[in-house]
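Got your viewer open? Let's walk through this model one stop at a time, and you can select things as we go.

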Amino acid sequence: MFAKDLISLLSINIKSRTDNYSDQYNRILVVKILMVCSVIMSVNWFKDTINCINDGGLDGNFVSQTCWIQGVYIYEELKERVDDVAYYGIPKDMSHDGMLKNGELCPTERKGVYGKKERDSKCKPLTKTFFLQYQWFPFYLAALAIVYYLPYVLHMYGNSDIISLKKSVKKGEATPETIVRTYFDRKTNPVRYHWFRVLFNYLIKVLYMVVNLVAFYGTNALLYGKFTSYGNKWIEWNRLENHIQYDYMGMRDHPRPGHEVLPPFGYCEVYSSSSDVLRDHANKHKFVCEMSQNVLTQYALIILWFTLIIGIVVSIGGFVILLIDHLITFAFMVKHGNMARRIYGRLTMRECEYLEFIRKRDIPFYADVLQRLKEVRLGCRIESGLKSGSLPTDSPPPGFEESMMKMI
């Protein structure tokens, strides 16, 4: 049942839409991938727990829940010293929590003369890096999905005329006269709104680029700057031989990229204290804990990395394609070599988009709309020419039919 729900969530209906393919990639495919990753990680979030090596006599459930809440940590200086660690970022000797000037690991506290622990001034403490992403990462991905959908909400607002035109053409009830009167009448549809909608579409393209960049670099900041190179490191790591990739008990010169982003093992410190009539007890415990949640998150992150990289490229491509399309339309408009270009030359960029939208869905209807536009937009000009004796009224201008066929 869960698999069927995921398949239905990933399914995409192939149909005509008002936004182009670059926008559809971001608002449909990326959103679905984010939601699927969020759902899978949420199931793991509810069912999986942190497990710690517990030899201190404490209750195991208490230790696991406490470590889940407080988070686990590794030592920053040991990330690159793969031969000195038992697990990634964790030294082989738990007491080694510092480093000497020569780079040798050492304990920051030693037993003094009377058995009391004393600070070793020569041993500099290692830096702790805490990881608590497992607590909120499913919600973060779900929030990203909402952010990716917001530009489409603006698209629906700024392109309500195109959406209305789509419904009119799809139902087949509109006539060329109705289309021209509704969408090409400058009184009911003023020119200032035309340019507003054209510029608004550029703003939507920019928003898709911004959303991709914010998601990419925002995730990088949340993962301590390890996300931007995450995909490249995975590609390089997969080129290694199998015995080098997975030799966790040998010489590990190449740690798994997923461990660098979210390590599956870490230290957790828990204080225990109790008091009764006979005695008071207080102690500090240090455990090695495993977080299998992070392993699943590592694979989700590699999917997210490639998805965002493609999203950045696609969103930039969508902006460039829109710009090129308008430049081509503008070049067609300014060259008045035949009657077809003369018709386009009398239209705004938004009205040209109306025509292109109709042409892609119904070519015969497109030809009828063009014929009606010729009568409306060029009729006054032809009649004014008649008054000066320049053009006849009983037949279309020379070359008009040929230019119409070329456009179609």
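Start with the largest cavity, which holds about 60 Å³ of space. A cavity, on a 1 Å grid over the protein atoms alone, is a set of points where a 1.4 Å probe fits but cannot get out. Its volume is the space filled by probe spheres set on the points, with grid points joined across faces, edges and corners. Searching the whole structure turns up one cavity of 30 Å³ or more. To see its walls, select Met41, Asn44, Trp45, Gln133, Tyr134, Phe137, Pro138, Gln293, Leu296 and Thr297; lining residues have an atom within 4 Å of a point. The elements giving two or more residues to this lining are helix 2 (21-47), helix 4 and helix 11 (292-334). Helices here are DSSP runs of H or I with at least four residues, strands are E runs of at least two, and both are numbered from the N terminus. Colour the cavity lining by class and you get six nonpolar, four polar and no charged residues. Ala, Val, Leu, Ile, Met, Phe, Trp, Tyr, Cys and Pro count as nonpolar, Asp, Glu, Lys and Arg as charged, and the others, Gly among them, as polar.

A quick note on what you're looking at: this is a predicted model, where local features need pLDDT of at least 70, side-chain atom pairs count only at pLDDT 80 or more, and totals for chains, interfaces and linings use all residues. Residues are numbered from 1 along each chain as its sequence is written, and side-chain values use heavy atoms, with hydrogens and water left out.

Next, find the second largest pocket, with about 490 Å³ of space. A pocket is an open set of points with protein on both sides within 12 Å along at least five of seven lines. Of its 17 lining residues, select the ones closest to the centre: Asp97, Glu109, Lys117, Lys284 and Lys286. Which strand gives the most to the lining of this second largest pocket? Strand 12 does, with three residues. By class, this pocket's lining has six nonpolar, three polar and eight charged residues.

Now for salt bridges, meaning a side-chain nitrogen of Lys or Arg within 4 Å of a carboxyl oxygen of Asp or Glu. There are 11 in the whole structure. Select Arg197 and Asp161, whose closest N and O atoms are 3.5 Å apart. That pair links distant parts of the chain, with Arg197 in helix 7 and Asp161 in helix 5 (residues 160-171), 36 residues apart. Both Arg197 and Asp161 are buried, that is, under 20% relative accessible area (exposed is over 50%, partly exposed in between; 1.4 Å probe, protein chains only).

Keep Asp161 selected and add Arg350: their side chains form a salt bridge too, at 2.8 Å from N to O. Arg350 sits in helix 13 (residues 349-361) and Asp161 in helix 5, so this pair ties together parts 189 residues apart in sequence. Arg350 is buried as well.

Last stop: Tyr224, in the loop between helix 7 (191-222) and helix 8 (230-238). What is the phi of Tyr224 near? Its value is near 60 degrees, which is positive in a residue other than glycine. Most residues other than glycine have a negative phi. Tyr224 is partly exposed, with a relative accessible area of 42%.
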